[in-house]
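Hello! Here is the structure I promised to pass on to you. Have a look at it first, and then read my notes below.

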Amino acid sequence: MIKNLTVCAVLWTSLSSSVFATTDFTADITVNLAAPKWEFLLKNIATGETQAQLASSESSFAKELQPLLAAQDHKAIEQAFNQRDIELDSAALRQLRGQVLISLKQYSEAEVALKSAIELMPDLALAHRSLSMVYMVNKDYQKAQTHLKKSIELGVADAQVYGQLAFVNLQLKQGASAIAGYQYALFLDPDNLQWKQGLLYALINAQAFSQAQALLEGMLMTAPDDADLWLQRSQLALRQGHALQALSSLESAVLLNENAANANETENIVTLAQLHIQSGSAQRAVELLDSNMALFLSKKSGQQGFEVQPIDQICQWLVFNERWQPLEQLLTALAPYRKHTSSYFTSRFDVYSSKLALHKGDTKRAEKSLMSSVKADPANGEALLTIAKLMHNKKRSVQAVQYYVRAQALTDFKERALLGQAQLEIDRQQYSDALRLLRQVIQLNPARQDVLANIQSLTNLVRHQS
């Protein structure tokens, strides 16, 4: 009888121990890239374009505009045009009016003027090209594509128009066309960084990783201090599953961009910390979070949910792997900002503090942290189970049962709570109660063969007692 009891108790010690799930950082790690600052130029004259001619009656007005055009006084030119009825103007003047309005960022008025020019002269290449600019600014990429294609059909063949068409195709998810357009734009203008950046985006989106890698390495050779290129390299490495290259590239980007307190930068620092955790460099991960904690969790950030969750995950990983010194450093860094976190995360961080205290043998502090955790979030099952186990170890069985019962009301924690209470009943030699609890476990999870074996042992024990 004593032998059976000992075996049963040993088995239950292993079954009822606290479990922290590991966190798979690779599943959701992403490098955040700021969108490129695309700069599109509008050339007034291109060889081969169909050009509009002024009417003879417009020559004097054109002479009035010459000094204003030379001085780029677009506001004065607009005022001059406002004195005229557009319906009486030639296609050339309507086109010029549209370009001036684009310069003044009056895109709706520019669209009207340019469309009226095309009505008079459907093959006016510059009007189509200018109209495409209006639609690109307004993100109406389908219309922009139509007018860019028309411009090319009418003889426009410079790098700008091909680069613009490639950009539009990229926005329309037409990857192959975007790649071809950027490649042709670079053929005509090989040193244009904008087209290289666009081609890089297009290649990555098309998962042409080897071509993207070759292009990116060449860009880094000419601009080794460009943080955005290192971010691109990190993103590309992650897409290919090269975690160490992603880590080193992101480390370079963060160091180059260390004074950039923007949303993308803070997210990338968190990502870098996650990559360090994944690679086993827990201390470096914690140092990054520690030195940037104010940036992540300041009340002004407005993105608390995103920033707290990865820190929570890293704390969870540190507890599971018993990395107590980095955990203590991280919790200490977090302490001044705890008041800004939600009750949900406050409760979770209290549980991590209790685990650290238990590691140090400070059960009093552990109990205090756990009580605080349950107060902040009564539905924190991990807190309920941990405090139940602590009460169990302190021989405060009545309190332990209370917390086990509370945990059993939470679906995700019910099985573990039943197992924990069953172990407590075994330790109190209340075998019938333990047997009842184990049978509930089997109802929840019939595949638990280990539980079935223990039920059999307990059943035999209860029979011998009776």
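**What I found**

In the protein chain, residues 24 or more positions apart account for 58% of the contacts (heavy atoms within 4.5 Å) with a separation of 6 or more. This is a predicted model, in which local features need pLDDT of at least 70 and side-chain atom pairs count only at pLDDT 80 or more, while totals for chains, interfaces and linings use all residues. Residues are numbered from 1 along each chain as its sequence is written, and side-chain values use heavy atoms, leaving out hydrogens and water.

The chain has 25 helices and zero strands (DSSP runs numbered from the N terminus: H or I of at least four residues for helices, E of at least two for strands). Of its 466 residues, 49% are buried, meaning under 20% relative accessible area with a 1.4 Å probe, protein chains only.

Now find helix H22, residues 397–408. Its buried residues include Ala 400, Val 401, Tyr 403 and Tyr 404. The buried residues of H22 cover an arc of only 165 degrees around the axis (taken from the directions from the axis to the C-beta atoms), which puts them on the same side of H22. They pack against helices H20, H21 and H23.

The largest nonpolar core (buried Ala, Val, Leu, Ile, Met, Phe, Trp, Tyr and Cys residues joined through side-chain atoms within 4.5 Å) has 92 residues, and Leu 289, Leu 318, Leu 327 and Leu 330 touch the most other members. Helix H8 gives the largest share of this core, eight residues. A second, separate core of 20 residues includes Tyr 404.

Notes
Buried means under 20% relative accessible area, exposed over 50%, partly exposed in between (1.4 Å probe, protein chains only). The expected span of a helix is 1.5 Å times one less than its number of residues.
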